[in-house]
Structures are given as structure tokens and as C-alpha cells.
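Work through these exercises with the sequence and the structure side by side. Try each task before you read its solution.

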Amino acid sequence: MVTSKIEININNACCPLPVNEDCFCFFTSLSITESLVRAVSLEKAMAVGLAIVGEGSQYNGRITRFVVLSCMMAAMGGVLFGYDIGISGGVTSMESFLKKFFPEVYTKMKKDTKISNYCKYDSQLLTSFTSSLYVAGLVTTFFASSVTRALGRMPSIFAGGAAFLAGAALGGAAFNVYMLILGRVLLGVGVGFANQAVPLYLSEMSPPKYRGAINNGFQFSIGIGALSANIINFGTEKIKAGWGWRISLAMAAVPASILTLGALFLPETPNSLIQRSSDHHKAKQMLQRVRGTNDVQVELDDLIKASSISKTIEHPFKKILERKYRPQLVMAIAIPFFQQVTGINVIAFYAPILFRTIGLGESASLLSAIMTGIVGTGSTFISMLIVDKLGRRALFIIGGIQMFISQIMVGGIMAAQLGDQGGIGKGYSYLVLILIGVYVAGFGWSWGPLGWLVPSEIFPLEIRSAGQSITVAVSFIFTFVVAQTFLAMLCHFKAGIFFFFGGWVVVMTAFVYFLLPETKNMPIEQMDRVWREHWFWKRIVEK
């Protein structure tokens, strides 16, 4: 066993005022709850980053080809979710798709010359098409958690791929809107399973010092999926016969098939083997293979201990309400909520529609979505490389400033140049496109990946399962809310929609600056130190 001293580097936020009872804290009441996607089961209590042993010793191990291949296959679950995000926004901007399933939207767009540019796509049925997936995903998430705990990670990943495959087939063959939405529900079931099991799988398989990079790989996979969908939409939109949208929807079967078949060959994680069996010899063999060394006894002992403790917690949701866990509870709610009110879904779900609103043609709007997808994926990749060096707080703050400036500029241009009728000049259209690219880049290396990474790091063992479940539930709920209300908000707020989300970016950036301590280089099981040493939270957790 190799032991070494771990240098603890906690870059806590400092209150600009003296630390006393009169110190003003920027702490707004947090509504509750946000997007995306993975209820984490009880064994997450020992999974996410029990990667560094306390008391100054480190686990042995390295990145092996076995781990890389396994994580690449599992990350295909992120591609599923990203593909769906990209494909739904693209097909809802295709005239042939709107004419068949949403004729009232098509009529408003083509024939109603008096309707506002901002209101052409305002249809509750159209938004139901997009958001029905997230209702199904929210319900599935809690069921998937039990399946993952009882049967293992591989069965959940397999179930996610199979359900997504069925939904893709139904969507591609749809002949009425009800069949279309039923296909979306099946896609939601697939996303619920995959997004619950895949991040858990990646966390358990990753070596300790690469935890941030590999976890950010999940968001990177989502970006790859969305970019692929945008490219496919750009091609299928050009099919003259008007059935290109069927190819777009049915092509979701490709990543779903890869994940479904690949899941059959995925190895179970050592954590899952220990959780579901009292025979630890098989788990030790798998751990040795995963870490690329025979000297894994220290990590194995910790996993066994963590599994034993996690089984003794009867009411983790009740326990997380205790005062000493208040910081973690606030973060479990605030971070996923803030991730959604960055306004990213304005781009992710409806980028082609938004670009058509400012006057770009059908094909040009889809091409613009491809460009923003490339920017987002590239910036997330950069985040994977630097997150364990620069730290979480720096990326949050830099990305927040970048998003705020670009959103205010886009809102200002649209307010000044785009009225209820007509369009804006080509020069301004391209300027808006560039600014949206700047915004997407800011999200791609900050709130996108870090919105998943930070919650996975901060929970102590006894409440980790409850904390992660709250995070995922909030994520799904606010994804649904934003998807269901955005087109109506665009109609009523018009260009002000960008100022609305820009205001939230100010709030969340200040929240991070004042209330989120740095978590890089901190062992998971020593994470309580960051709260005890923080200028604000120490007065809560130490009482």
C-alpha cells in the first residue's frame, strides 16, 4: 500500500463583512427542485467517491483500459438523453412535423400575419410533446433506484436502453399525436433508468483522483448526443417528401441499441457486488481488475464498512432534515434548481425555434443549432481537463459571469431590433448566434457538468442516498416546468425572457461566491470539514 500525506486545500468563500451575527449573507429562499436525471439508490451511499481514504492514506490504482472501455460503454446512457434533447427541439421546428401533428402551430406560423414572432410556437400540446418525457422519467427514477440496488447496475442500464429503443420505434412510426407522446413516455422510462444507473456506475468505477473528470464525462456524453441529433435534423429536414422527422425520431434506436447490447457485457462494479452478496472474494477480484493492482485491501475494507453502515440507515430522508446536514440539504435543492434557471433549456430544447424567431430560415436555424452544440460539447471537454486543477468555485463563477453578459446582450439586441412582426437584419442575427455560442460555452464548463458533480461529492455516508435522490427529483421537476412553460414565457416576456434568466444567473453566481466552499482535493469522507470551516455554515453545523 502506498501512503502519502494529503494536502487539504479548501478555498472557502469569505464574507466581505466581519463574521458576526450581523454579517449579511446572500441567501435567498430557494423554491425547490430541478432537472435531469438520476435517482441514486442506497448503495450510492458507498459509491460516489469513496475514493480517498481518510486519515491521510490513498487507495492504490490507476486508469486501466478495462475501466476506460467500461465507462465509455456506460456513458452511452448520457448520449441517449442528449440525443433526445437535441432531436425534440429540431423536429418541432420542421414544417412537415408541425403540419401533421400540430396544425394550429403550423397555421399560426405560415398564415397568421398578425401574430407576434414570439407567440408563433405557443402551444400546450407542443410543449407536452417535449415535457412528457420528464414526467415519465421522474416516476421511473424512484423505481429504477430499487432495481439498481437489488439487481445491480447492469440490469438498470439494460432496461434503460431497451425502453429507449421501444420509444424510438414508436416515435418513428407515429401516425397521431397520442402515439407520438406515448413514444416520448417510453423514452422517459429509458432516461429514468439510464440516468439513475450510469452516473452511479461511472462514480464507482473511476479512480479517486480522476473523479471530477470522469463524472464530467456524463455531461460530455449528453453533449455528444445533442450534437449528433442536431446534425441528423439538419440532414433530414432537407428530405422533400416531408418524412425526414421520422428518421430523426427513429435514429434514437442507434445509441439505444448500442447501450442495450453493450450492457450485457458490462462488468458489475465492486460496490454492487459487495452490496448484494456476502461473498467478498468476487468483489475483490473485480476491484483488482478495475484498479490494475493486487493491493486493494484498504479500499475493499472501506467498501465493506460503507456497505454495512448504509444498511443500518432506516430513515435517511428524516435524518437529512437534522440541523447539522442543513448545508447539504440546501445544496441538494439549490444546485439542480439553479442549473435549470440558467436558461440552458431555452437553447437545448428550442434552439432551432429560437433561431427561426429571429429570422433565420428552417435550414439555417438547424445549422445554427449544430454550431452551438459543437461549442457546448467542446467546452464540457475542457471542463473535464481543468476541473480537478482550477476547482469547482472558479468554474462556477467564470461561467456565471460569461452567461450573464451574453444573455443581457442577446436580450438587448432582440428588444431593440425584433418586433412582433418581421425579422432582424442578417448581421444582428449572426451576432445573436455568436453571443448564444458564448453563453453555451459558459454553461458547458460550469453549471452543466458541475451541476451533477458537486452534489455527488458533498453528502456524508449516512445521508448520501437521500441527498442524491432529492437532487435528481428537483432536477426532473424543474426540467419539466421549464420545458412546459418556456414557449408561453417567450410569448409573454418576448425579449425579456433573456433578462429573466440573466437575473437568475446573477443570483446563482452570488450564491456560489458566498455559500459554496471549494470541494476539490477533499476526500469524500472528510467533506464535513468544508462546512465547519466556512464563514457562514460553521455557525449552523456547530450548534
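**Exercise 1. Describe how helix 16 passes helix 24.**

Step 1. Find the handedness. Helix 16 passes helix 24 in a left-handed crossing. A crossing is left-handed if the near helix is turned anticlockwise from the far one by less than a right angle, and right-handed if clockwise. Helices (H or I, at least four residues) and strands (E, at least two) are DSSP runs, numbered from the N terminus.

Step 2. Add the geometry. Two packed helices are described by the angle between their axes and the distance between the axes. Here helix 16 covers residues 326-340 and helix 24 covers residues 496-515. Their axes come within 11 Å and cross at roughly 145 degrees. Axes are lines fitted to C-alpha atoms, for helices over the stretch in contact, and angles run from 0 to 180 degrees between N-to-C directions.

Step 3. List the residues that meet. Helix 16 brings V330, M331, A334, F337 and F338. Helix 24 brings W504, V507, M508, F511 and L515. Contact means heavy atoms within 4.5 Å.

Step 4. Sort them by type. The residues of this contact between helix 16 and helix 24 are ten nonpolar, no polar and no charged. Ala, Val, Leu, Ile, Met, Phe, Trp, Tyr, Cys and Pro count as nonpolar; Asp, Glu, Lys and Arg count as charged; the others, Gly among them, count as polar.

Before going on, note the source. This is a predicted model: local features need pLDDT of at least 70, side-chain atom pairs count only at pLDDT 80 or more, and totals for chains, interfaces and linings use all residues. Residues are numbered from 1 along each chain as its sequence is written, and side-chain values use heavy atoms, with hydrogens and water left out.

**Exercise 2. Place P327 and find what it touches.**

Step 1. Locate P327. It sits in helix 16.

Step 2. Check its cover. P327 has a relative accessible area of 0%, so it is buried. Buried means under 20% relative accessible area, exposed over 50%, partly exposed in between (1.4 Å probe, protein chains only).

Step 3. Look for its contacts. Leaving aside neighbours within four places in sequence, P327 is in contact with W531, W537 and V541.

Step 4. Compare sequence and space. P327 and L516 are 189 residues apart in sequence, and their C-alpha atoms are 9.0 Å apart.

**Exercise 3. Are N216 and F220 buried or partly exposed?**

Step 1. Locate both. N216 is in helix 9, residues 211-236. F220 is in helix 9 too.

Step 2. Read the accessibility. N216 has 0% relative accessibility, so it counts as buried. F220 has 21%, so it is partly exposed.

Step 3. List contacts, not counting residues up to four places away in sequence. N216 touches T380, S383, M384, V387, P449, L450 and L453. F220 touches T377, T380, F381 and M384.

Step 4. Add a distance. The C-alpha atoms of F220 and G444 are separated by 8.7 Å, with their positions 224 residues apart along the chain.

**Exercise 4. Which residues does A197 touch?**

Step 1. Locate A197. It is found in helix 8, residues 177-205. It is buried, at 0% relative accessible area.

Step 2. List the contacts. Not counting residues up to four places away in sequence, A197 touches T148, R153, S156 and I157.

Step 3. Add a distance. A197 and P155 are 42 residues apart along the chain, and their C-alpha atoms are separated by 9.1 Å.

**Exercise 5. What is the sign of phi at K494?**

Step 1. Recall the rule. Most residues other than glycine have a negative phi.

Step 2. Check K494. It is not a glycine, yet its phi is positive, about 55 degrees.

Step 3. Place it. K494 lies in the loop between helix 23 (464-493) and helix 24. At 30% relative accessibility, it counts as partly exposed.

**Exercise 6. Summarise the whole chain.**

Step 1. Count the elements. The chain has 26 helices and zero strands.

Step 2. Check burial. Buried residues make up 62% of the 543 residues.

Step 3. Check the contacts. Among those between residues at least 6 apart in sequence, 84% join residues at least 24 apart.
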